[in-house]
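Visitor: I would like to learn how to read the contacts between the chains of a model such as this one. Could we go through them step by step?

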There are 4 protein chains.
Amino acid sequence: MRAAVLRAPHRVEVLEVPKPVMANPTDILVRVELTAICGTDLHPYEGRLEVEPDIILGHEFLGTVEAVGDAVTQVSVGDRVVSSCVVSCGSCYQCRRHQPGNCAGSRIFGLGLALGDLDGGQAEYVVVPNADLSARIIPDSGASDEDILFAGDIMTTGYEAVARAMRPGDVVAVVGAGPVGLCAAMAATVLGAAQVIVIDKVDTRLKEAESLGAVAVSALEVDSADAVLDLTSWRGADVVIDAVGHESALVSAISLVRAGGVLSIPGVYTEDSVSIPFGELYLKGVTLHMGVAHITEYIDEVLALSAAGKLNPGTIVSHRMGLSAAPDAYRLFEDREATKIVLDPWV
Amino acid sequence: MRAAVLRAPHRVEVLEVPKPVMANPTDILVRVELTAICGTDLHPYEGRLEVEPDIILGHEFLGTVEAVGDAVTQVSVGDRVVSSCVVSCGSCYQCRRHQPGNCAGSRIFGLGLALGDLDGGQAEYVVVPNADLSARIIPDSGASDEDILFAGDIMTTGYEAVARAMRPGDVVAVVGAGPVGLCAAMAATVLGAAQVIVIDKVDTRLKEAESLGAVAVSALEVDSADAVLDLTSWRGADVVIDAVGHESALVSAISLVRAGGVLSIPGVYTEDSVSIPFGELYLKGVTLHMGVAHITEYIDEVLALSAAGKLNPGTIVSHRMGLSAAPDAYRLFEDREATKIVLDPWV
Amino acid sequence: MRAAVLRAPHRVEVLEVPKPVMANPTDILVRVELTAICGTDLHPYEGRLEVEPDIILGHEFLGTVEAVGDAVTQVSVGDRVVSSCVVSCGSCYQCRRHQPGNCAGSRIFGLGLALGDLDGGQAEYVVVPNADLSARIIPDSGASDEDILFAGDIMTTGYEAVARAMRPGDVVAVVGAGPVGLCAAMAATVLGAAQVIVIDKVDTRLKEAESLGAVAVSALEVDSADAVLDLTSWRGADVVIDAVGHESALVSAISLVRAGGVLSIPGVYTEDSVSIPFGELYLKGVTLHMGVAHITEYIDEVLALSAAGKLNPGTIVSHRMGLSAAPDAYRLFEDREATKIVLDPWV
Amino acid sequence: MRAAVLRAPHRVEVLEVPKPVMANPTDILVRVELTAICGTDLHPYEGRLEVEPDIILGHEFLGTVEAVGDAVTQVSVGDRVVSSCVVSCGSCYQCRRHQPGNCAGSRIFGLGLALGDLDGGQAEYVVVPNADLSARIIPDSGASDEDILFAGDIMTTGYEAVARAMRPGDVVAVVGAGPVGLCAAMAATVLGAAQVIVIDKVDTRLKEAESLGAVAVSALEVDSADAVLDLTSWRGADVVIDAVGHESALVSAISLVRAGGVLSIPGVYTEDSVSIPFGELYLKGVTLHMGVAHITEYIDEVLALSAAGKLNPGTIVSHRMGLSAAPDAYRLFEDREATKIVLDPWV
C-alpha cells in the first residue's frame, strides 16, 4: 500500500510499504478514506520530537473496517469508523477512573516508538488496536466525513477543554484561533455559552472565529485583557481556554479569567520551567485543567452532536489534497499557509 | 392602584386597591410593566386550591424598582428587574444547600395565605421580599421583555428540569407541549441535546415544538414509546421530561426512558397515591428528579442565555392584553384557547 | 471438580462436574478459595426465578488465577482476584457512559441462561469472562478474605447506594438491616455521614447495626418516621437507603426523607405496579436512584478501603462452612437462621 | 471592653476600648467566649501586611449572641454561634455561584481597612455582619468549644481543600503539617481516604500527624517524592494538598501527584511570579484548585462532623491562655513555640 513516510526531518515521501497486519485479537484493520495533518505531526516533521526513520505519519483518520480480531465485539467488517488518535488500554488505574488521556500504556498513531510504536493513518490502511475502545462507528446521518474526521482528535480536544470547565450561560474566552481553538469556540457555543470571545493576532483566523458567532479580538490592535473586561462588565471571563501552549499565552490567559473562574489548557506545554503570576492565580481562586485529552470519554458526545449537525468542524478545512501530494501538504502546513489539510489516501 | 383580584372561584375583577407598602428592610417595591397568567394561577381560579377571598393574583412579572429597603444591596431605584415566582429565605438548611425550592419558609406570589401570603404581580405595583435573592436586574441587551419575563418561572422551571438531568449529545424526550414543556424543549437545544422529541396530542402545540427544532410526535397518531424507540435505535431517550403531572403521563414517560436514563418531572403531582411500574423503573435503573424548581439557582443562567438571544420563550406568547381585560384573559386561558397570555398593567 | 448444583427448586447437591474451560481470549480461569451464598441465590433456589436444571450456583467468590486468555492484560497466572458478580461488556452505549449495571449484554454468574448463562462460583473453579474489566487483583494488605469477598457484590452494592446519594455530614437512614443494608451503613460511616440510622424489626440485626456505630431503630417498637424526625430536629434524613425492595418499605422510606433529600434503592423491585404517595415525593422534591449496581465502577474504591481496614464487611459473616455442606447452608439461609454464609470449596 | 489591639508591628496590647455597636439590620453582636490566634494574624503583626494603627486583631471566635439586627432571621439572642472568618455578601455574581471566597465585597475580621475594616474577635465582644450567612448556631452536642472554634477558619479551609479534590479510596498527601495541613489530614480521613501521607520537617508536627492516623514522612530524612511513590506502587498520590504556600512546596507537591491527579492549594501565595515545571504538570494532566476558602459553603458539613465527634481539630491546640496574655501569646506563636493558641477573652 501507499503511505506518507517520514524519511528524515522535513522529508516526507509517499512510498509503497507493506499493508499492515493485525497482531492482536482486539485489533481491527481499517481501509482509510480520509486523513488529516495535525499540528502535532509537525513535532516529528520539524525534528522537535526525535523519531526513528521511516515512520508512517498521521493520527486523524476514518475509513471502513476490512477485518476484525477475534475479541472485537463492537465493530464489524464493513462498518465505517473513526478512530481516537490515542489508544489507551481501558483497564489500568487511570483508565478505570475514566482518565484515558493519562493511561499508563497510552499510544498515539504515527509518532514513533516512544509514543507507542503505532503506524500512522496517512496511508491506505491502518491497524487500530483495542478497537472496541478506540474505534467508533460513524453514526448514520447527513454529516460529511470532514465533520466526523476530527472527532478523533482536535474537535474532541477542543470540546473537552470547554466541557470540563464551563457551565451554560458562561462567557468563554479562547486564546488562540488555531484548529483546536476554533473547535473549542464551536463547542462553547453548542454547550450553551452566552458569549464566546476569541483572541488571536491573525486576521483570517479571527474572521473564521467571527463566522462561528464568536466575538473576535485582535491582540495586535487592543489589549486582550482590556477587551475581555470590557465585554464582561469588568468581571473577566468565566472560562478561559489556552489553545496555544506558550508561556506568554498562559500569562495572558491568567489576566482574562474572573475571580473564581476556570483556566482550561488544551495547548501543549513541554517546558521544564514556566514563570507565572501565581499570586494572581491564588488571589483570583482559579481552577486549572490541563493535559492530553480523554478522547474516548468525549468522542461519543462529539459524534452525536456532529451527526446532528450541531458541530461542524469541517468548516476549518482549508485544503483538500491527495495522499500523493503529502510532501507538498506538509510544506504548506509548516509555512502556516493552510489552517487544516485533509488527504484522500486513494488519490 | 389597579390589580386583578380573585373575588371567588372563576371570578376575577380588576379593582382599585391600596398600593402595597414595603414592610421589611429587605423588600423592594416594583412598578410592574409586564405580567403573565400561568397554569398555576388556575388552581385558585378554578377553586382547586382554596384561598381567602380577594387575593391579588400573579407570580410572573417584571418592572422597574421604585423603592428599596435599607438592607437591600444588589438593586437600586430605577433598575429594571424580574422576580422569581418563589421567594425563599436564603438561609435555612435547604437554602444553604442550594435547594431554595425546598426552603422551609418558601412563599409564592398571588396564591394566598397558605403559600406565604404575598400579593401577586397582576397589578400596577408589587412588593418583592428578600429582594437581593428574589429579584434580578434585567441584563442590558436586545432581548424583549417577553423573553425575559418567563425567567422568573416557566422558562427556568423547564430549563432546570433539563439541566439537572441531561448531558450534551443526549436525546431528550418531552412529554407535554404546554408552556413548561416548550421551555424545556428550548432549554434542551441550548444545552446541547443532539435530538429533542416532543410528545403531545394537540396539533398546534406540536407545530410550535417543531418550530423550535424538535421532532414532534402526536400521541394521537402513534404509540409514543414506539416512536421514541424508533428514533433512538431501540434504546430509548437518555432523558425524559414529564411536563404534564398526571399518572398516565408518568407511566408513558417511564416507557420512553432508556436503561440508565433520567426521568425529570417539572409537572406538578398532588396525588396521595399513584400506581407506577416500579419493577420496570428498577430494571432500567432510572434516576428520578422532581419538585418545585430552584428558580434562584438557575435564573442567572437563563437570563444570560435570554439576553444573548439563545433562549426565546417569548415565542410562546399567544395573547397580549391589558390588565383591564384580565377577566376575559382568565376565561380564555381556562378554556385552553390561549397558550400563554401576557398582560400590560397600565392598559 | 466439585460444585454446588441446583437440581431443582430447594434441591442443591454437591456434584462432580467437568472443570470449566475458557472459551474466549478475554477469559480467565480462577481456582476458587472462598465463595458465599447471597440473597439473590434464593430466587432460583426457591423457584421464583425459573432456571434450567443443574446450573452451578454462586456469584460471590475470590481465588487464584490459574490460566488467562490471550487478550487479558491486567491479571496474570498466580494473581489472587475477586470478581464482580456482574459481567458487563465494557463497550456498549451504557458501559461507555459508566453504567455497567445497565449493560445491554450484562451477565450474572450462576443464575442460568436468561441472565447470561455463566456457571457460578460455588465450585472449585470458575471461568470469569471479560476479565480485564470483571476481575480485580486483591490488594496486598492485612485484610481478610472475608472482608474482600463482598467487594464483588453486596459491599459494593451497599457502598454505591450511599456514595451516589450522600454528601459528607449527612444523616443517612437505612431501611432494612440485611447484608446490603449493613454494608450501606458501613459505607455511610466511611464516607463521612454525621449520623447513620438503621431501621429493622429483627433484634439481632439491630444489634449488628449498633456495633457498626449506627443508631438502631426497631420498627416494632416505634414509628420509624417519628424516630427519624426526632433524631433530625424534625427535618428528616438527607439520604434514605431502601435495602429491602418491597412496597411497604418504599412507602416507609418516603416518609423518612427530608425535603430535597435523596432516596437510594439498592433493594430489588420486580413488581409490575407499586402504589406510592407521589404527591408527597413531589412536594418534598425527592431524587430517586435505583437499579442494579455498577459494581465495576465502585469496586476499586471499595477494595482500597477494605485493604486499608476501613470497610470490614467480613463482620457480617455468621456461618463458615465447607462446600460439601452447601445443601445445609442453603436450608439455613432460606430459614433466615444465618445472616451470611461463606463456603470453602475445598472442604 | 478589653481587646487585643495592634499598636504597631510586633506590639500587641490589651486595651480598654468601646464596646462595638451594630450598624446594619443584618448585624449581630456576639459576646466572645473563645478566640484563637491564626497564622494569618502574623501578617499584620510582623508588618508584612500594612494596616492602620490600633486595629483589634482576630478572626477565629465563637460566643453567645447578645443582640440581633432587625433583618436577622436565623439566629436569636442567646444562641451560641461560631462565625466564618470571612464575611461575604451572599448576593454578588460569585456568591450566587456558591463561591463566597471570591465575593466581590468580601471582608475579613481583624485585618484592617483594606480587608474590609472589621474589628477582630480577640476581644470581649464583636459585631458579625451579614449574620444569617456568616454566623452558624453551634449544634447541640458533646463537642468541646475547641473542636467547634476552628470551623470558622482553619478546619473548614483544610476540609474544603480536600473535599473539592478527593474521591473516597484515594491516597491523599499533605505537604506541610501546620494547623491547616493537620486539619486537611483529619478531613481526608473522615472523607474516606484510603491512606493519608503527611510530609514535614518538624518532628513534633509529624508526631501529631501520626496520631491522626497518617503516615508521617520527614522531608529531612527522605526524599518525599520517593517516599510517596514507594507508598503508592510508584503511581503517586491521587490528591496532593499544598498547605505551605511557597515555591519550593509547590514544586515538591507537583512531584508527588499521580498522572491525572489533583493538586489542591490552601496555602497562601502572594508572589508576583513563581517558576514551576509546567511541562510536568501538563504531561501528568494535573488539575489545580486554589484560593481563599469558601467557608460558608462547607462550614455546615464541618460543624455536623465536629458535633458528631468525627472531626476533632481541638487536638491541635497547644496553648490555652487568657486574653490579658495576648502579647505573650503572639510572641510564642511568632517564635513557632506554639502550634495553636486559644485565648479566653474573660481572663
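Visitor: Which residue stands opposite A:Ser275 in β16(D)?

Guide: Two strands pair if DSSP finds at least two bridges between them, and helices (H or I, at least four residues) and strands (E, at least two) are DSSP runs, numbered from the N terminus. Here A:Ser275 stands opposite D:Ser275, and three bridges join β16(A) to strand β16 (residues 274–276) of chain D, the two running antiparallel. Keep in mind that this is a predicted model, in which local features need pLDDT of at least 70, side-chain atom pairs count only at pLDDT 80 or more, and totals for chains, interfaces and linings use all residues. Residues are numbered from 1 along each chain as its sequence is written, chains are lettered from A and ligands numbered from 1 in the order in which they are written, and side-chain values use heavy atoms, with hydrogens and water left out.

Visitor: What turn and shift lay chain A on chain D?

Guide: Copies are superposed by least squares on the C-alpha atoms of residues with pLDDT of at least 70 in both. For chain A and chain D the turn is 180 degrees and the shift along the axis 0.0 Å, with an RMSD of 0.0 Å. In chain A, the C-alpha nearest that axis belongs to A:Ser275, 2.1 Å away from it. The same surface serves both copies, since 100% of the contact residues of chain A recur in chain D.

Visitor: How many residues does each chain bring to the contact of chain A and chain D, and what area is buried there?

Guide: Contact means heavy atoms within 4.5 Å, while buried area is the accessible area (1.4 Å probe) that two parts lose on being put together, summed over both. Chain A and chain D bring 40 residues each, and the area buried between them is about 3400 Å², of which carbon and sulfur atoms give 52%. On the side of chain A, A:Phe278, A:Tyr282 and A:Met290 lose the most area to chain D, together 24% of what that side buries.

Visitor: How many salt bridges are there between chain A and chain D?

Guide: A salt bridge is a side-chain nitrogen of Lys or Arg within 4 Å of a carboxyl oxygen of Asp or Glu. The count between chain A and chain D is four, and A:Arg97 forms one with D:Asp170, the closest N and O atoms being 2.8 Å apart. On the side of chain A that touches chain D, α10(A) gives the most, with six residues.

Visitor: How does the side of chain A that touches chain D divide by residue class?

Guide: Ala, Val, Leu, Ile, Met, Phe, Trp, Tyr, Cys and Pro count as nonpolar, Asp, Glu, Lys and Arg as charged, and the others, Gly among them, as polar. By that scheme the side of chain A has 17 nonpolar, 13 polar and 10 charged residues.

Visitor: What rotation superposes chain B on chain D, and with what shift?

Guide: The rotation is 180 degrees with 0.0 Å of shift along its axis, at an RMSD of 0.0 Å. The two copies are thus related as by a two-fold rotation axis. In this pair, 13 residues of chain B are in contact with 13 residues of chain D, and about 1100 Å² is buried, 51% of it on carbon and sulfur atoms. Two salt bridges are counted between chain B and chain D; B:Asp300 forms one with D:Arg96, the closest N and O atoms being 2.7 Å apart.
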